[in-house]
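Hi everyone, thanks for making time. I'd like to walk you through one structure today, so have a look at it on the screen first.

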Amino acid sequence: SERAEDLHELRIRAKRVRYAVELLQPCLGEAYRALHEQIQAVQETLGAHHDAHVLRTLVDERLGLLRDSGAETLTVGVARYRNVLTDAEENALLAFDHLGFDAVSFRTRLEAALIGA
């Protein structure tokens, strides 16, 4: 849960950086496309993680209520959906890890592109 909040905050920051990169497009020249694609991928991947996490958390709450009410068939169906959301959350984390995003490297490349402009 703490990691999910940290990743959500990172997504918000990535969104702001993406907007800044878009505003700076005329100054970035050829570097723009790679920088924009990378930060957009970070934002989208972390957005997918956040969406799955929020939905899974909500489903977890409802699942408890369903179990308490004795709705066995519905509980089984919702539990399966919870598993789908858990998989989506984990897959988004794996995709984020696979991106290999390095904020320091990104900043260095961005600064270099601006200096070279």
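I'll start with the overall picture, then go through the helix pairs, and finish with a few single residues.

One thing up front: this is a predicted model. So what are we looking at? The protein has five helices and zero strands. If you read along the sequence, the pattern is simply α-α-α-α-α.

Now the overall dimensions. The C-alpha trace spans about 65 × 20 × 20 Å along its principal axes. You can put that next to the radius of gyration, which is 19 Å here, whereas a compact globule of 117 residues would come out near 13 Å. And how much of the protein is buried? Buried residues account for 30% of the 117.

Okay, on to the helix pairs. Keep your eye on helix α3, residues 31-69, since α3 turns up in each pair I'm going to show.

Let's take α3 with helix α4, which covers residues 72-99. Their axes are 8 Å apart, and they pack at an angle of about 160°. Angles over 145 degrees count as roughly antiparallel, so that is what we call α3 relative to α4. The crossing of α3 past α4 is left-handed. What kinds of residues make up this contact? By class, there are 20 nonpolar residues, along with five polar and five charged ones.

Next up is helix α1, residues 2-23, again with α3. Here the axes come within 8 Å and the crossing is at roughly 150°. By the same cut-off of 145 degrees, α1 and α3 are therefore roughly antiparallel to each other. And α1 passes α3 in a left-handed crossing.

The last pair is α3 with helix α5, which runs over residues 103-116. The two axes come within 10 Å and cross at roughly 155°. So α3 and α5 are roughly antiparallel to each other too, and α3 passes α5 in a left-handed crossing.

Right, let's zoom in on some side chains, beginning with the aromatics. How many aromatic pairs does the count give? Just one aromatic pair. The partners are phenylalanine 101 and phenylalanine 106, with ring centres 5.7 Å apart and planes at 50°. Why call that pair tilted? Planes under 30 degrees apart would be stacked and those over 60 edge-to-face, so at 50° this pair is tilted. As for accessibility, phenylalanine 106 is buried, with a relative accessible area of 5%. Phenylalanine 101, at 22%, counts as partly exposed, because buried means under 20%.

Now three residues to find on the helices, each with a partner elsewhere in the sequence. Start with arginine 16, in helix α1. Is arginine 16 buried or exposed? It counts as exposed, at 56% relative accessibility. Its C-alpha atom is separated by 9.6 Å from that of glutamine 43, which is 27 residues apart from arginine 16 along the chain.

Then there's glutamate 90, which lies in helix α4. Glutamate 90 is at 45% relative accessibility, so it counts as partly exposed. How far is glutamate 90 from histidine 49 in space? C-alpha to C-alpha they are 7.7 Å apart, with their positions 41 residues apart in sequence.

Last one: histidine 98, also found in helix α4. With a relative accessible area of 71%, histidine 98 is exposed. Try tracing from histidine 98 to glycine 77 on the screen: they are 21 residues apart in sequence, and their C-alpha atoms are 32 Å apart in space.

To recap what to take home: we have five helices and zero strands, with α3 roughly antiparallel to α4, α1 and α3 roughly antiparallel to each other, and α3 and α5 likewise. That's all from me, so over to you for questions.

Conventions:
Residues are numbered from 1 along each chain as its sequence is written. This is a predicted model: local features need pLDDT of at least 70, side-chain atom pairs count only at pLDDT 80 or more; totals for chains, interfaces and linings use all residues. Side-chain values use heavy atoms; hydrogens and water are left out. Axes are lines fitted to C-alpha atoms, for helices over the stretch in contact, and angles run from 0 to 180 degrees between N-to-C directions. Helices (H or I, at least four residues) and strands (E, at least two) are DSSP runs, numbered from the N terminus. Angles under 35 degrees count as roughly parallel, over 145 as roughly antiparallel, 65 to 115 as roughly perpendicular and the rest as oblique. A crossing is left-handed if the near helix is turned anticlockwise from the far one by less than a right angle, and right-handed if clockwise. Ala, Val, Leu, Ile, Met, Phe, Trp, Tyr, Cys and Pro count as nonpolar, Asp, Glu, Lys and Arg as charged, and the others, Gly among them, as polar. Rings of Phe, Tyr and Trp (its six-membered ring) pair if their centres lie within 6.5 Å; planes under 30 degrees apart count as stacked, over 60 as edge-to-face and the rest as tilted. Buried means under 20% relative accessible area, exposed over 50%, partly exposed in between (1.4 Å probe, protein chains only). The radius of gyration is taken over C-alpha atoms; the globule rule is 2.2 Å times the number of residues to the power 0.38.
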